[in-house]
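Visitor: I have a structure to show you. Could you walk me through its contacts and charged pairs?

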Amino acid sequence: MSRYLARRLLQAIPLLLVISLLTFAIIEIAPGDAAQMYIDPNKGTDPAYIERVRLSLGLEQPVYVRYLGWLKETLSGDLGFSFRTRRPVALEVGDRLPNTLLLSGVSLILSFVIAIPIGVISALKRYTLLDYVLSTAALAGISVPIFWVALLLIQVFAIQLGWLPASGMSNVRESYTGWLANLDILRHMILPTVTLSLAQIAGWSRYQRSALLEVLGQDYIRTAQGKGLRERRVLLVHALRNSLIPMVTLIGVSVPTVVTGAFLTETIFSWPGIGRLGVDAVTGRDYPVIMAVTMLSALMIVVGNLLADIAYAWVDPRIRYE
Amino acid sequence: MRKFALLSVLILMFVVQGASAQDSTAAFSCPQTGGTLIVQGEGDPPSLSGLYANDGNSLAVTTFMDEPLVLGGENWGDKIEPALAESWDISADGLTYTFHLRQGVKWSDGQPFTADDVLFTFQAVLEDDNTIDWKNNLIQDGKPLTFKVVDDNTFQVILTSVNPAILNNLSIPIVPKHAFTSTSVKDAPYNTNPITTGPFKFVKWETGQDVQLEANKDYWGGAPCLDRIVVRFISGVDNVANALQAGEVDFARIDGADLTPFQNNPDFTLTQTPRDLMRLVGFNTKSKTVGDPAVRRALITGLDRQAIIDTAAAGNGTIPDSVFNKSSSAYQAGLNTQYPYDPDQAKKLLADAGWKDSDGNGFLDKDGQELTLKLVYSGSFALMGSIAPIVYDNWKALGVNITLNPLDDATANTDIYDNTSTDKPYDAFLSGWGLFGTDPSHYRTFYADDTSYLAYNNPDVTALFDQGDKETDPAKRTAIYQQVDKLLWQDLPIIPIFQPIGVYVYTSKLNLDAAEINGTFLTGLKYPGRAYFTQAQ
Amino acid sequence: MSSVNIVPLTKPRSQRGVIWRQFRRHKLAVASAIVLILLAFVSVFAEQIAPHDPNAINSSYSHGKPQPPTAEYPLGTDNFGRDYLARTMVGMRLSLIVGVTAVAFQLVIGISIGALAGYFGGWIDNLLMRITDIFLSVPAFLLLLIMAGILGGGLLSLIVAIGALNWMTVARLVRADILSLKEREFVVAGRSIGVPAWRMIVVYLLPNAAASIIVSATLAVPSAILTESALSFLGLGVPPPNASLGNMLGEAQQWIRTSWWIWIVPGVAISMIVLAFNFVGDGLRDALDPQLRD
């Protein structure tokens, strides 16, 4: 196993390199560049000025020079400066990462904690009223577009009832400190978290239910059912463990999104996160920021995959890695 | 003795009255003080330095903090008025402007404001390395203007030839010399920590969330009534409308979103104010189909511009009768005859120009060329998305094979705004321009040559623009630009669709009468220091 | 359980017949299938059925505000005066087309890659999974912009883009299933008697992974439809003036409060279609899984 781990970690390096090359190439191919963002279409900016901006950003250099320059800087720890705001990329990302981790992380944990039990109960109480109610609710949850729900929630809870805030991470009118500040942030988190978790909880609970059902339908379970209560319990626990395999996949795939954030939710709720930063950077062809966010995401995926594969082996002893 | 004293007091009052009538920035006494005003910005500002603040996000913050010598320039209103310069004299030959700077003005760090700061600012603007947008404002006939510091409170600008627009050009925010180590201002710490003279000063920038400003109690125009202003980043007009309703934003301009929740609602006040912008269809005048002015005249006749105003701007707009915005000194109401909406007449005009549906496919053609029209626009701009379907519908009904092409920002820049080739990848585009203030010479950028967005090159028009640059007599100058207007109105390289009327929505707890809502300032307020809350929030 | 059952002789049942009977037991699934067929029918013939042209603007009727439902306009009009019923029908058609074709694309790619990776293991598995990782790491938004740039921003680029975004989940799920199935006796046996790899995968392994594939396909169509609606909502999907449920929602945002049906109708339409697909998927899964039959 340790040989496998070492090999995977070693392989991660060329993988990350390829991803960085690909992303860089994609930014190149896409029309437009960061200097154009300084154009004001309302007033007809002087093209000579844009050229000067281009020079000042180093965009007149050929792409391989810029790539190698980026690589060298990044490997020595310097993430460069954002083309749009001229602030260090490390600050731009660093300021927003905690906000995204908070929102997406809490949603992920909440979804996991709620979805697994719902799925298990549904599977065990199959074809009862409880199962139908839970399954239908879950189906409804994954069928509604989240931005549709989000705006309805805002309309009802923030505007009509005034119970929860419609936007932002904190109340700027009062400057709270200490635990009041944390409570304030928590309050601002409620609607976005509900929005993010809704679809996840619904989807995951269905997966859990179907995975558990599949395992329960297998021969050794039927044998145990015939044999008696205690054997059955032991095997149920075993079945549960096996049913977690697809769940592990789902979570493994979701971990990177905790870091990259949920753009749509962050925009609707004006949550200052990485999701918005990434999209704004792509729109503005701000490649230092794009590269930083992409490499962060890639790193998280490598780690997430590795953890998922290790978890497979732990959960299903039939899977072996050499 | 008493009578004399009374008389002199009365005379003194009149004198003081007279002086302050000229200079309306005399101190204002606040009926109420305190409170935090929350306004809206679209996102993080690229820069907090007045020298680089040339985009909506930055100006939403810096307009509260910075001040130029005189108002009336690009982002500073539509009238030339004193600001940091209290008054100015122009020499007889029109070449020397002597500015008498306001005395006793302090920077937000306590240092005094002097003519050295003005000199430093202009020098920094002129330096190539700093890549400041207004460099061209300070250049005349290829050479930089000459500046002279006469004394701490007197500053001179010497021109090489007479330029009637010079005061507009000099309306650039002034930065303090002592905040910089050299004239290289590009990456200075000042850009994230500005020191300013205006009514509000910088406190904190929470990335991704907001910028916080507090009142400058030593402001020369009188201490502001409010304690703080917070510019909150919320993007998308619908999200802003939601925030307004939820009380998370106090004052914002709502363009093109449903205003019903705010109308007839005692919690909100709505004010309309005209904006110095024009929404238009710009044509590629070299296009094979719309390159013919007759076709363009047919298209404007076949466009229901009132319907566009009603749908895209909730009725808040006026149909233009000039290619110049109303705030321009060249604008003359009634100068041109309007093109009223008449689809039948439009079809006739197209037929007269030789376009018929000879192959029966529902679209007009001429000499084998089908009347195709590729209309591009910036897809992220919701207003354009509201205008486009009506344009599509109206012109399709005339037999034009029109296709809509929303572009993302960067592609829009590459194809339209940063495209200096004469071979444009579109037949027409939807856009807008303005915010030029009173001076009409800026419009030249669009009509002067075939590398512009319109690929338009009309020697008569270019010659007139040249004349206008040089003419000093205001009446003669206006006459020249009016000739430009007449020519362009006939040729129609653009179809002016409407001039928007900005609708500002704010909580009724706020009193903005003295603050003066003015759409020509990006923040929407001319004197933010005079805004106050009538009740605590 | 009863002891011995005397089972009357009946006609032997075909495989397909058994599956169909099982499916019919799942009432909601049947109902949803009918609904979907109806929707498909309505969508195909939308222009003939709808009383008005979905793109015809009628500003003199609407005066810039959406109009409430009347006899002539059963679902009212949007703020341009366009018949909402017609637009909804055309919108549903577009959503269905985009959803189904995007998923077909995803399945072809995802199943191929997942099966090959799971079965062969070793360096093939590694390589394919790293390619999967690459696609997972490149930001979705970036990928979409590139597609738009290369393919021109129309419907095709949208379908390819959505397809390119989601095949990875299918691939990983198929791979996981095959990894577990690979060690089963019948697989080991088949290998040892020399059954060729492609036959192993297509005939023996994939059908056993079918439940997984079907469940993921039926989750993928809704996901594709929801992605398209989110993109159109943001202005990046179906270009105007064509109606898609997503871009209808984008235009409807500002009217939630005063003309609420404008917001409700497309959202309910999307939810209905997606829900129907999900019920059908459930029914199919129950019917196809041999071990769940009683």
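Visitor: Start with Arg87(C) and Asp78(C). Are both buried or exposed?
Guide: This is a predicted model. A residue is buried when its relative accessible area is under 20%. Both Arg87(C) and Asp78(C) are classed as buried.

Visitor: How far apart are the closest N and O atoms of Arg87(C) and Asp78(C)?
Guide: The cut-off for a salt bridge is 4 Å. Arg87(C) and Asp78(C) form one, and their closest N and O atoms lie apart by 3.7 Å.

Visitor: Which residue forms a salt bridge with Arg87(A)?
Guide: The closest N and O atoms of the pair are 3.5 Å apart. Arg87(A) and its partner are both buried. That partner is Glu92(A).

Visitor: Which residue of chain B is linked in the network with Arg87(A) and Glu92(A)?
Guide: Salt bridges make up this network. Asp95(A) and Arg96(A) are also linked in it. The residue from chain B is Asp44(B).

Visitor: Where do Asp352(B) and Lys348(B) lie?
Guide: These two form a salt bridge, with the closest N and O atoms 3.2 Å apart. They sit 4 residues apart, about one turn of the helix. Both belong to residues 343-352 of chain B, helix H8.

Visitor: Why does Asp352(B) count as exposed?
Guide: Exposed means over 50% relative accessible area. Its partner Lys348(B) counts as partly exposed, because its relative accessibility is 48%. Asp352(B) counts as exposed because its relative accessibility is 55%.

Visitor: How many salt bridges does the structure hold over all chains?
Guide: Side chains of opposite charge can pair when their charged atoms come close. One such salt bridge here joins Asp352(B) and Lys348(B). Over all chains, the total is 26.

Visitor: Now the domains of chain A. What separates the centres of domain 1 and domain 2?
Guide: Domain 1 of chain A spans 35-78, and domain 2 spans 93-315. Their contact takes 4 residues from domain 1 and 5 residues from domain 2. Taken over C-alpha atoms, the centres are separated by 38 Å.

Visitor: Which three residues supply 87% of the area that domain 1 of chain A buries against domain 2?
Guide: The two domains bury about 430 Å² between them, with 76% of it on carbon and sulfur atoms. No other three residues of domain 1 supply more of its share. They are Met37(A), Arg66(A) and Trp70(A).

Visitor: How many residue pairs in polar contact are there between domain 1 and domain 2 of chain A?
Guide: The count of salt bridges between these domains is 0. By class, the side of domain 1 that touches domain 2 has 3 nonpolar, no polar and 1 charged residues. For polar contact, with both residues at pLDDT 80 or more, the count is 0.

Visitor: Turn to chain C and chain A. What area do they bury between them?
Guide: The contact involves 48 residues of chain C and 56 residues of chain A. Carbon and sulfur atoms hold 67% of the buried area. The area is about 5000 Å².

Visitor: Which element gives the most to the side of chain C that touches chain A?
Guide: Across this interface the rule finds 0 salt bridges, and 2 residue pairs are in polar contact (both at pLDDT 80 or more). The elements that give two or more residues to the chain C side include helices H6, H7, H8 and H10. The most, 13 residues, comes from H12(C).

How values were computed:
Residues are numbered from 1 along each chain as its sequence is written. Chains are lettered from A and ligands numbered from 1 in the order in which they are written. This is a predicted model: local features need pLDDT of at least 70, side-chain atom pairs count only at pLDDT 80 or more; totals for chains, interfaces and linings use all residues. Side-chain values use heavy atoms; hydrogens and water are left out. Domain bounds come from an automatic or database domain assignment. Contact means heavy atoms within 4.5 Å. Buried area is the accessible area (1.4 Å probe) that two parts lose on being put together, summed over both. A salt bridge is a side-chain nitrogen of Lys or Arg within 4 Å of a carboxyl oxygen of Asp or Glu. A polar contact is a pair of N or O atoms within 3.5 Å; within protein, one must be able to donate a hydrogen and the other to accept it, and residues adjacent in sequence count only if both atoms are side-chain atoms. Ala, Val, Leu, Ile, Met, Phe, Trp, Tyr, Cys and Pro count as nonpolar, Asp, Glu, Lys and Arg as charged, and the others, Gly among them, as polar. Buried means under 20% relative accessible area, exposed over 50%, partly exposed in between (1.4 Å probe, protein chains only).
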